[in-house]
Structure formats: C-alpha cells, structure tokens
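Got your viewer open? Load the model, switch to cartoon view, and follow along from one selection to the next.

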Amino acid sequence: MKASSMNTHMGNIQIDNEVIAQYAGSVANECFGIVGMAGINVKDGIVKLLKMDSISRGIHVRINNNNKLILDFHVIVSYGVSILTVSENLASNVKYRVEEFTGLNVEKINIFVEGVRVID
C-alpha cells in the first residue's frame, strides 16, 4: 500500500494514494471540458475512456521527499474547447480541493491530454 502520511499532535495519519486518486478524479470530471480519464494500453498504444468506477487508473499519485503531492492526469477533453483553459481550470480546481480534502500540499499537477471527443 502506497500512502501519503502526516503527523499531527494526536498521531500519524496515512491516506492511501488510491483514495487521493479517486477524489482527484471525481473533481476532474466536474471540470468544464473534461470528458473523462484516459486509460492507456501500453502494449497496443490504445487510449480508452475510463468508466467512473475505474477513474483512478487515469491518475498517478506520488509523494516527494518534502511530503508534497505530485499528481499526473491522463485526460480526454471535449472537442472545440481551449486545451490550455481546460488544463488551467483542472489544475486550479484539483489543487484547491485536494489540499482542502487531505491537508497535504500539492506541489505539481501534470496533465497529459490523451484524446479529444465530441460530446452530444
């Protein structure tokens, strides 16, 4: 189990990275222009849209030596939107909400746009 931890006056708190990934994924899906998380088949190089129950597979959570989070998002965006604007909005929302949720600082958010989809 990989976990992020923090020490408080009452003891040690550990948060599984999967929990952080699931929360960050749900925040990301609420952002305008994000269709969903992308799952990548390394063997075939195929990108597919992940369903809500496997959303955390499109997010990689790491913690550095300074106890700060680094989040990697593999996303699919809507056709016709500004990728720069969507990415800035995603990073801003996720940083604020994950820091509020976990109490840990987010050092970096890397966004990899893996595809574009037309939404009905």
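Before you pick anything, a word on the labels: helices and strands here are DSSP runs, with at least four residues for a helix and at least two for a strand, numbered from the N terminus. Also keep in mind that this is a predicted model.

**Stop 1: the whole chain.** Colour the protein chain by secondary structure and you should find two helices and seven strands. Trace the chain along the sequence and the order reads β-β-α-β-β-β-β-α-β. Of its 120 residues, 38% count as buried.

**Stop 2: the segment after β7.** Go to β7, residues 106–117, and step into the segment that follows, where V118 sits. Is V118 buried or exposed? Its relative accessible area is 64%, and the cut-off for exposed is over 50%, so V118 is exposed. Now add Y79 and V116 to the selection: together with V118 they make up a nonpolar patch on the surface. The accessible area of the three together is about 360 Å².

**Stop 3: the largest pocket.** Rolling a probe the size of a water molecule over the atoms shows where empty space is left. The largest pocket holds about 200 Å³ of space. Show K2, N17, H60, V61 and R62 as sticks; of the 11 lining residues, these lie nearest the pocket centre. Which elements should you highlight around it, each supplying at least two residues of the lining? Try α1 (17–30) and β5 (59–63). Strand β5 gives the most to the lining, with five residues. If you colour the lining by class, expect five nonpolar, two polar and four charged residues.

**Stop 4: strand β3.** Select G36, which belongs to β3, residues 34–41. With a relative accessibility of 2%, and buried meaning under 20%, G36 counts as buried. Add S26 and run a C-alpha to C-alpha distance: S26 and G36 are 9.4 Å apart in space and 10 residues apart in sequence.

**Stop 5: the loop between β5 and β6.** Finish on N67, in the loop that runs between β5 and β6 (69–78). What is the sign of phi at N67? Phi is near 65°, a positive value in a residue other than glycine. For context, most residues other than glycine have a negative phi. Switch on the surface as a last check: N67 has a relative accessible area of 30%, which makes it partly exposed.

Notes. Residues numbered from 1 in each chain as written. Predicted model: local features only at pLDDT ≥ 70, side-chain atom pairs only at ≥ 80, totals over all residues. Heavy atoms only, no water. Patch = residues over 30% accessible without salt bridge, like charges linked within 9 Å, V, L, I, M, F, W, Y side chains within 5 Å. Areas by Shrake-Rupley, 256 points an atom, 1.4 Å probe, with all protein chains shown as cover. Salt bridge = Lys/Arg side-chain N within 4 Å of Asp/Glu carboxyl O. Buried < 20%, exposed > 50% of the residue type's maximum accessible area, 1.4 Å probe, protein only. 1 Å grid on protein atoms, 1.4 Å probe; cavity = no way out; pocket = protein on both sides within 12 Å on 5 of 7 lines; lining within 4 Å. Points joined across faces, edges and corners; volume = space filled by probe spheres on them. Nonpolar A, V, L, I, M, F, W, Y, C, P; charged D, E, K, R; others polar.
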